[in-house]
Amino acid sequence: MGAQLEREKIKDRTIRGKATRIASGRLPQGTGRTGTAYGYRYDKATGRRNIEPSEAVVITELFELCATGLSTYKLAERLNQVELPSPLGAKWHPRTVLNILRNPIYMGVTYFNRRQRVHVSGKRHTYVDRPQSEWAVIDGATPAIVDADLFRTVQAPLDQPLVRPVPEYTRYLLSGFLRCACGGPACGHELQRNSKYRYYRCINTVPRTNRPRTCDAKGIRVSVLESRAWAEVCEVIQDPETVLTELRSKHGATTALDEEIVRGQATIKTLAAQKQRAMRLFTIAEADDSDVKRELARINKLHLQARSRLAELEGRRAVSAQFEPMAEKVKEYCTLIRDRLDQLTFDQKREVLEVLPAESRSKKTDSYESCSCFQVPTKYAFY
Ligand SMILES: [Zn+2]
């Protein structure tokens, strides 16, 4: 009890002591390293910070360079290049630079009670901002090194998340559309970055950590395969009917499907009637029980089969129904781009490949084999 009271007294005295110092424009004691901020020296006699010219030069430069658009990463890199020691005598880290650029003391504003120590776990703590209404300003405790306008100019860009440029990868026209004879997809590959020697190769020809190399197909030069493939695409597009025939045979004609659906429905009806008859037989037990049971099981099985078949047909019917209105568009599309096939951009070419059904893309032969540039026959087909 006595110790508790003593602690309260000390706390009270400390708070009052701090308040007096703040009111008179002096930095309160016990606020961590605030007194020794980079760019300043703490003057014990006045309780205020004085500018340290040798460090203030660095502060000014950081703010000015940041305003020109240099990132904290670049700024830290520059300081390390001239081998200037960081505030703690080590290398500059982008985070150190960021902390400086964010600190309002450099425009002459000293806050007290701004941050709060928060327990994380074990012996770890972190600091978070208190609500701004609780902050206290200590007038005149720190002289400004940069002017308030410059300080505010650099704050907004610092809030932006760091955007790293995405490296440009070589794109391959046929990637996603090629399959090797072994079944594996064939992907674009270059021997070196931005090399002119580029190939399509089967992914199974490359050993991976979880599976060995299982295919020995040779790669095909990108220029050879692409020009052949595109020539075929062009040929197909000259004749949209081929494309449509392919699409139709894949999805089935609507009328034929309709007839099949009607037949399927009739079968189900017949089976249901048979089932009822068998059930009746079972209840009046005119026939041998086991015979009726067997017959019932047979009908049940047929019934189930017929129903799943009908569901499948109806599914295909729905797809076909969507297809027929699309057919006109396919035709239009073909005629529209027929004369401009050579002027298409890479992305437009990819689009053409995506809309064409696989079978019509390569109608003469379904594979590219024995390319003249390779001794070993290589088979790559569209899919
Ligand atoms: Zn292969």
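**Reasoning through a predicted model**

Colleague: Why are H3 and H4 called roughly perpendicular to each other?

Modeller: In this predicted model, the axes of helix H3, residues 72-81, and helix H4, residues 94-102, cross at roughly 110°. Angles of 65 to 115 degrees count as roughly perpendicular, and H3 and H4 are therefore given that description. Their axes come within 8 Å.

Colleague: Which residues make the contact of H3 with H4?

Modeller: On the side of H3 they are Thr72, Tyr73, Leu75 and Ala76, and on the side of H4 they are Pro94, Thr96, Val97 and Leu98. Sorted by class, this contact holds six nonpolar residues, two polar residues and no charged ones.

Colleague: What makes H2 roughly perpendicular to H4?

Modeller: Helices H2 and H4 pack at an angle of about 90°, and their axes are 10 Å apart. The range for roughly perpendicular runs from 65 to 115 degrees, so H2 and H4 receive that name.

Colleague: Which residues meet where H2 packs against H4, and of what class are they?

Modeller: Ile59, Leu62, Phe63 and Cys66 of H2 meet Val97, Ile100 and Leu101 of H4. The residues of this contact comprise seven nonpolar, no polar and no charged.

Colleague: Which residues touch the most other members of the largest nonpolar core?

Modeller: That core has 19 residues, and Ile59, Leu62, Phe63 and Val97 touch the most other members. Two or more residues come from each of the elements H2 (53-67), H3 and H4. The most are given by H2, with four residues. As one example, Leu62 is in contact with Leu75, Val97, Ile100 and Leu101, when its neighbours within four places in sequence are left aside. A second, separate core has 14 residues, and among them are Tyr200, Cys202, Ala217 and Ile220. In soluble globular proteins, nonpolar side chains tend to be buried together.

Colleague: Why is strand S9 said to be largely enclosed by the rest of the structure?

Modeller: Strand S9 covers residues 198-202, and four of its five residues are buried, so the strand is described as largely enclosed. For the whole chain of 383 residues, 17% count as buried.

Colleague: What is the order of the strands in the open sheet that holds S9?

Modeller: The three strands of the open sheet follow the order S8-S9-S10, with antiparallel pairing. S8 and S10 stand at the edges with a single partner strand each, so one side of each has no neighbour in the sheet.

Colleague: How do you know that S9 pairs with S8 and with S10?

Modeller: A pair of strands requires at least two bridges. Strand S8 (residues 186-190) and S9 are joined over five bridges, and S9 and strand S10 (residues 220-221) over two bridges. Both pairings are therefore recognised under that cut-off. Across the first pairing, Cys187 stands opposite Arg201 in S9. Across the second, Tyr200 has Ile220 in S10 as its bridge partner.

Colleague: Why does Asn204 count as buried?

Modeller: Asn204 has 20 C-beta neighbours inside 10 Å. The cut-off for a buried residue is 20 or more, so Asn204 counts as buried. The residue is placed in the loop between S9 and S10.

Colleague: Which residues are in contact with Asn204?

Modeller: Apart from neighbours within four places in sequence, Asn204 is in contact with Cys180, Cys182, Gly184, Arg213, Thr214 and Cys215. The C-alpha atom of Asn204 is separated by 8.8 Å from that of Ala217, which is 13 residues away along the chain.

Colleague: Is Glu83 buried or exposed, and how do you know?

Modeller: Within 10 Å of Glu83 there are 7 other C-beta atoms. A residue is exposed with 12 or fewer, so Glu83 is exposed. Glu83 lies in the loop between H3 and H4. Its phi is positive, about 55°, although Glu83 is not a glycine.

Colleague: Why is Asn113 called partly exposed?

Modeller: Asn113 has 15 other C-beta atoms within 10 Å. Exposed residues have 12 or fewer and buried residues 20 or more, so Asn113 falls in between and is partly exposed. Asn113 sits in the loop between strand S3 (111-112) and strand S4 (115-121). Asn113 also has a positive phi, of about 65°, without being a glycine.

Colleague: How many helices and strands does the chain have?

Modeller: The chain has eleven helices and eleven strands.

Conventions: Residues are numbered from 1 along each chain as its sequence is written. This is a predicted model: local features need pLDDT of at least 70, side-chain atom pairs count only at pLDDT 80 or more; totals for chains, interfaces and linings use all residues. Axes are lines fitted to C-alpha atoms, for helices over the stretch in contact, and angles run from 0 to 180 degrees between N-to-C directions. Angles under 35 degrees count as roughly parallel, over 145 as roughly antiparallel, 65 to 115 as roughly perpendicular and the rest as oblique. Two residues are in contact if their C-beta atoms, placed from the backbone, lie within 7 Å. Ala, Val, Leu, Ile, Met, Phe, Trp, Tyr, Cys and Pro count as nonpolar, Asp, Glu, Lys and Arg as charged, and the others, Gly among them, as polar. A nonpolar core is a set of buried Ala, Val, Leu, Ile, Met, Phe, Trp, Tyr and Cys residues joined through C-beta atoms within 7 Å.
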